[in-house]
Structure formats: C-alpha cells, structure tokens
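Here is a walk through one protein model and its two ligands. Keep the viewer open and follow each stop in turn.

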Amino acid sequence: MARVLISGITGQDGSFLAESHLESGDEVHGLVRQSSLLQRTRLDAVPALVNARALSRLKLHYADLSDTSSLVSVLRNVRPDLVYHLAGQSHVKISFDLPEYTADSTGLGTLRLLESMRHVVPDCRFFLAATSEIFGEAKESPQNERTPMNPINPYAAAKVYALNLVRIYRSAYGLFACAGILFNHESPRRGENYVTRKIARGVASIARGRQTELHLGTLTPKRDWSYSPDVVEGMRLVVSAAKADDYVLASGVSHSVGEFCEAAFRIVGLDYRKHVVLDPNYVRPVDITETLGDASKARSELGWAPKTGFDELVRIMVDAELAELDARGDAA
Ligand code: NAP
Ligand code: GDD
C-alpha cells in the first residue's frame, strides 16, 4: 500500500486521482486550503465509486502553497511515497487578471513543495502537472517533449518555471521528480469556466428551455482534448516509471471550439449557429491558435494511450449536464 499525497485533490484531476489510488488500496492524503465554504463537490463523487472501507483511507490536511511551514508539517506527518502536485491557479484568461497570484501559487508554490520535499522526504517521488501552454504559438506541430518552450500568458510562464524546477531538482539533487506535459483534458468535473464544461452546461440548459443563448469568446482556436480519467491513468504511469522523466500526454487530434459546439448541440438535435453568441468579454489578450500533442514517447515507454475519443467525450459531458438538470427537476 503506497502513501500518496495530492495537492489539488479537490480539483477535476485530483478527485479522479484520489479515486484511482483508493481503488488500488493506497492511502490517499490531500492538501486542502482554508475557504469560507466547505464545498468539495468533486470529492463527494468519490464515495459513489469506492466503498466505505476505502474512504477511511482518505485523509485531508489543511495547508497552503504560500505557507512553506504548512507544507513541511504535512510532509513530516504523512511521509508520502508519492506526491502529485496539481494545485495552483490554472485558468489562462484569469492569469492575465491575477498574474502575481498565478506566479506565486503555480510557480513559487512548486518551488516551496520541492524544496520542502528535498529536506523532509528526499526519497519520495514527485509528479508535476505541466501543460501544453508552455509551447505557446508552437514552433512545430505536433508538440513533443523537445519542442521549444514559448509561453504567451502569465499562467504558462509560471508553468515553464515549475517544469524547469522539476528538471533542476532531478539533476541537481537526484530527486525522483517527473512531469506530465498535459494537453487539455475534460470531464463532467471540469471547472464551469473552462470552455468544454461551459458549452456542455449551455447545451443542456438550452435543450431544457432554461436559456436560449450561449456566450463564448471565439470559435476558432483548436485544442487537443482528452478525457481526464485517461490522463490521470497516464500520470500514474509517469510517476511509477523506472526512471524520472517528462512525458507529453495528449490525444494527438485537435478540434476547434466551434467543432466542440457543433458536436454538443447535435446531441440534443440543435444547430449551434442559432444559439452561440460571440462575446468580447471572453476574448483573451492573446490566445494559442492550435495545440496538438505527440504522445508517442508515453505510448512506447509507458504503454499509455487515451481510450476515450472526442465524440464520446462530448457525449459524456452533455449527458452528465442533462442528467443533473433532470435530477434537480429544473426543466422549464
Ligand atoms: P482544477 O480543477 O482547476 O483544480 C485545481 C486545484 O488546485 C483545486 O484543488 C484547487 O483548490 C487547487 N488550487 C488552486 N489554487 C490554489 C492555491 N492557490 N493554493 C492551493 N490550492 C489551489 O484543475 P485540473 O483541471 O484538475 O488541473 C490539475 C492540474 O493540471 C493543474 O495544475 C493544471 O494547471 C494542470 N493542467 C490541467 C489541464 C487540463 O486540461 N485540465 C491541462 C494541463 C495542465 P480549490 O478546490 O480549493 O479551489
Ligand atoms: N474558458 C473559455 N470561455 N474559453 C473560451 C471561451 C469562453 O467563453 N470562448 C472561447 N474560448 C476558447 C479559449 O480562448 C481557448 O482558446 C479555448 O476556448 C480553450 O479554453 P479553456 O477551456 O479555458 O482552456 P485553455 O486551453 O485556455 O487552458 C486549459 O488547458 C491548458 C492545457 O493546454 C486549462 O486547463 C489550463 O490550465 C491547461 O494548462
């Protein structure tokens, strides 16, 4: 039984990762931060999939990425075998509004955690959730582990710093520090202000007669979208590899935001062009035109490949929103 510590356990990926390790019989510890409302809705989904005995192996600890002493204290108490570092401000558009906070939580937060680990649990394995955003307007397509980094927003710049730290701690101190360079991955647990969840919620709401319009910033950018549980499976393979290294985890197929809309509205028999309204409030100062990942290293060295295709992903997300609306009896 491994002792696993997850920062960002209340998030989309953190909740799937917790579930996956509980199902494997591991002890799962999560870092949670102080907030005025105890809303951990994604973790509430865990009991449905694991039994009560497994839940007794889930423990939450208050800590903050801005408070090194809290990180040291949790590491001393838990003495984890594995740390997954998923926490931090990770909304691209919001990073333009909160650049310093983004740098502090996403960039320096990684430094504080790595430095604490180096002193307290140097033999612990460390996984960083890095991102395709590090490539910016990429100099090549598809992007792989050797594609030059060229960040174009404060979030991406913070993740470049975090990824460089992983590489430095690996070579300078011999830490088992590795990273997944993750392309977009989605699920019904995705934050509501990311485009796929926003579209799925909008489609369900329009289909049930609760609204008529869906406001989006742009339809043209293309993203390489996967399903979060598939990517979480990849994270587990990266961190259990024989050697610490960095791996792209991506589907290898990209679709535009407009194509996601078209597929999502089609599920409920509607034409997205009659409902989507372009709204400058959601336009970013700069945006990546297209991301496309080459995960052949993860496939050949770790045997990883995503199982869920684009159409299935869209259906999973729209069906979940329809089911939630219908369960609440909210249909107009
Ligand atoms: P998410 O749903 O937004 O979850 C973020 C998690 O980080 C939440 O648990 C959140 O806690 C926590 N958090 C945010 N700011 C924090 C802070 N200042 N201090 C402590 N905790 C903080 O994100 P996700 O989609 O699961 O993504 C997980 C990680 O993968 C992130 O690092 C993200 O940058 C990276 N990534 C994601 C994708 C993707 O497509 N999903 C792609 C590439 C990389 P609260 O619940 O308290 O807010
Ligand atoms: N959020 C949002 N809201 N995005 C919109 C909207 C809108 O109303 N309209 C169009 N978009 C476009 C964005 O401009 C972007 O081109 C695309 O939809 C995807 O936006 P997001 O879903 O917000 O994701 P992201 O690609 O910016 O970032 C996500 O993926 C990264 C990995 O490539 C986040 O999860 C990042 O944390 C992650 O690193």
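A polar contact here means a pair of N or O atoms within 3.5 Å. Keep that cut-off in mind for both ligand sites. The model is a predicted one.

Start with ligand 1. Its shell holds 25 residues, and Thr10, Arg33, Leu86, Tyr101 and Tyr155 come nearest. Now look for the backbone. A polar backbone atom of Gly11 sits 3.1 Å from an oxygen atom of ligand 1. That pair counts as a polar contact because its N or O atoms lie within 3.5 Å. Leu86 also offers a polar backbone atom, 2.8 Å from an oxygen atom of the ligand. Gly88 joins in through a backbone N or O atom, at 3.4 Å from an oxygen atom of ligand 1. How much of ligand 1 does the protein bury? Taken alone, ligand 1 exposes 900 Å², and the protein buries 85% of that.

Which elements build this shell? Helix H1 (12–23), helix H6 (99–120), strand S5 (125–131) and helix H7 (154–173) each supply at least two residues. S5 gives the most, with three residues. By class, the shell around ligand 1 has nine nonpolar, eleven polar and five charged residues.

Move on to ligand 2. Here 23 residues form the surroundings, and the closest are Ser90, Ser132, Tyr155, Arg284 and Asp287. Tyr155 is thus named among the closest residues of ligand 2 and among the nearest of ligand 1. Select Tyr155 to bring both sites into view.

The polar contacts of ligand 2 involve backbone and side chain. A nitrogen atom of the ligand is 2.9 Å from a polar backbone atom of Asn193. An oxygen atom of ligand 2 is 2.8 Å from a polar backbone atom of Val195. Arg223 uses its side chain instead: an N or O atom there is 2.9 Å from an oxygen atom of ligand 2. On its own, ligand 2 has 720 Å² of accessible area, and the protein covers 95% of it.

Where does the shell of ligand 2 come from? At least three of its residues come from domain 1 (3–186 + 225–249), and at least three from domain 2 (195–223 + 253–292 + 310–328). By class, the shell around ligand 2 divides into nine nonpolar, eight polar and six charged residues.

Next, the second largest pocket. About 170 Å³ of space lies in it. Its lining includes Lys198, Arg201, Arg210, Glu321, Glu324 and Arg328. Gly202, Ala204, Ser205, Gln211, Leu214 and Leu325 are also part of the lining. Two elements give two or more residues each: helix H8 (195–207) and helix H12 (310–328). H8 gives the most, with five residues. What classes make up the lining of the second largest pocket? Six residues are charged, three are polar and three are nonpolar.

Finish with two points of backbone geometry. The peptide bond from Ser141 to Pro142 is cis, with omega near 0 degrees. Pro142 is placed in the loop between S5 and H7. S5 and H7 both appeared earlier, as suppliers of the shell around ligand 1. The second point is Arg79. Arg79 is not a glycine, yet it has a positive phi of about 50 degrees. Look for Arg79 in the loop between helix H4 (68–78) and strand S4 (82–85).

Methods
Residues numbered from 1 in each chain as written. Chains lettered and ligands numbered in written order. Predicted model: local features only at pLDDT ≥ 70, side-chain atom pairs only at ≥ 80, totals over all residues. Heavy atoms only, no water. Near = heavy atom within 4 Å. Polar contact = N/O pair within 3.5 Å; in protein donor to acceptor, adjacent residues only side chain to side chain. Areas by Shrake-Rupley, 256 points an atom, 1.4 Å probe, with all protein chains shown as cover. Nonpolar A, V, L, I, M, F, W, Y, C, P; charged D, E, K, R; others polar. Domains from an automatic or database assignment. 1 Å grid on protein atoms, 1.4 Å probe; cavity = no way out; pocket = protein on both sides within 12 Å on 5 of 7 lines; lining within 4 Å. Points joined across faces, edges and corners; volume = space filled by probe spheres on them. Helix = DSSP H or I, 4+ residues; strand = E, 2+ residues; numbered from the N terminus.
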